[in-house]
Amino acid sequence: MKQLDSILRLANKFSKLPGVGAKTAQRYAYGVIDMTESEAEDFCDAIMEVKRSVRYCSVCGNLTDKEVCDICEKRDRSVICVVAYPKDVLALERAAGFSGVYHVLHGTLNPLEGRGANDIRIKELLGRLDGVSEVIMATNPDVEGEATAMYIARLLKPLGVKVTRIAQGISMGSDIEYADEITLSKALDARTEI
């Protein structure tokens, strides 16, 4: 049946999204079927607009629709908060209260998967240290996040930059992305030097 093939194809495309299993993908596909043609076109347009307009900030690596994001243009550059992924910036911004800038690594160190220091944006961080008084390591409190934080701290300490780690209000093995605003705010406030 040709119609079922198209539903299966759409469900297969949805299942490629992070956190979307087969059943959820199937529900999404049927949700699209229930849309009007106009709603489906708007949905497709939104996807294409994101693909055309969103890029990485040339300074910090966060998502933006400009060459340099608003955070890098307007905030205190003397404090850099290092995160693994752009979604972590969004989570920390929801907590409010941080007035510095970010640096997105786009990953963490993981030798078992062949991801080393040259595979994430560590060199770019080192190039941003002029006038920086503190670097806050806000990688996830798991093995990879801790290893990455310690590696970067060892690189920065000899350069005379204060390196701190967000407090462990976030439990080991959890993701910053899913932490609530109060926990993130307290973790930033109670950060410790590495």
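In this predicted model, helix 2 covers residues 22-33, and its length can be checked with simple arithmetic. At 1.5 Å a residue, the twelve residues of helix 2 should span 16 Å, and the end C-alpha atoms lie 17 Å apart, which agrees. The buried residues of this helix are Ala25, Ala29 and Val32. Because these three cover an arc of only 60° around the axis, they sit on the same side of helix 2. The spacing fits a familiar rule of thumb. An α-helix has 3.6 residues a turn, so residues three or four places apart point the same way. Lys23 and Arg27 are exposed on the other side of helix 2.

Ala29 gives a closer look at the buried side of helix 2. This residue lies in helix 2 and has a relative accessibility of 0%, so it counts as buried, the cut-off being under 20%. What does Ala29 touch, once neighbours within four places in sequence are left aside? Its contacts are Ile7, Leu10, Ala11 and Phe14. For Phe14, the C-alpha to C-alpha distance from Ala29 is 7.5 Å, with the two positions 15 residues apart in sequence numbering.

Helix 1 takes in residues 2-15, with Leu4 among them. Leu4 has a relative accessible area of 40%, and because this falls between the 20% and 50% cut-offs, Leu4 is partly exposed. Leu4 and Ser185 are 181 residues apart along the chain, and their C-alpha atoms are separated by 48 Å. For scale, the C-alpha trace of the protein spans about 65 × 35 × 35 Å along its principal axes.

Helix 7, residues 143-156, can be treated in the manner of helix 2. Its 14 residues should span 20 Å at 1.5 Å a residue, and the end C-alpha atoms are 20 Å apart, which agrees. Which residues of helix 7 are buried? They are Gly145, Thr148, Ala149, Ile152, Ala153 and Leu156. These residues are on the same side of helix 7, because the arc they cover around the axis is only 130°. On the other side of helix 7, Val143 and Arg154 are exposed.

The buried residues of helix 7 pack against several elements: strand 3 (79-83), helix 6 (122-126), strand 5 (134-137) and strand 6 (162-165). One of the buried residues, Ala149, illustrates the packing at the level of a single side chain. Ala149 is placed in helix 7, and its relative accessible area of 0% makes it buried. Beyond its neighbours within four places in sequence, Ala149 is in contact with Met137, Thr139, Arg165 and Ile194. Thr139 is ten residues from Ala149 in sequence, and the two C-alpha atoms are 6.8 Å apart in space.

Backbone geometry deserves a comment at two positions. In helix 5, the buried residues are Pro86, Asp88, Val89, Ala91, Leu92 and Ala95. Just after helix 5, Ala96 takes a positive phi of about 55°, in a residue other than glycine. Ala96 belongs to the loop between helix 5 (86-95) and strand 4 (101-104), and with a relative accessible area of 48% it is partly exposed. The second position is His106, which has a positive phi of about 60° although it is not a glycine. His106 is found in the loop between strand 4 and helix 6. Its relative accessibility is 24%, so His106 counts as partly exposed.

The whole protein can now be set around these details. Its secondary structure comes to eight helices and seven strands. Of the 194 residues in the protein, 37% are buried. How much of the contact network links residues far apart in sequence, at 24 or more positions? Such pairs account for 55% of the contacts with a separation of 6 or more. The protein exposes about 11600 Å² of surface, and carbon and sulfur atoms supply 55% of that area. The charged side chains number 25 positive and 29 negative, and the centres of the two sets lie 4 Å apart.

How values were computed. Residues numbered from 1 in each chain as written. Predicted model: local features only at pLDDT ≥ 70, side-chain atom pairs only at ≥ 80, totals over all residues. Heavy atoms only, no water. Helix = DSSP H or I, 4+ residues; strand = E, 2+ residues; numbered from the N terminus. Expected span 1.5 Å × (residues − 1). Buried < 20%, exposed > 50% of the residue type's maximum accessible area, 1.4 Å probe, protein only. Arc of directions from axis to C-beta. Contact = heavy atoms within 4.5 Å. Areas by Shrake-Rupley, 256 points an atom, 1.4 Å probe, with all protein chains shown as cover. Lys, Arg positive; Asp, Glu negative; His and termini not counted. Charge placed at Lys NZ, Arg CZ, Asp CG, Glu CD.
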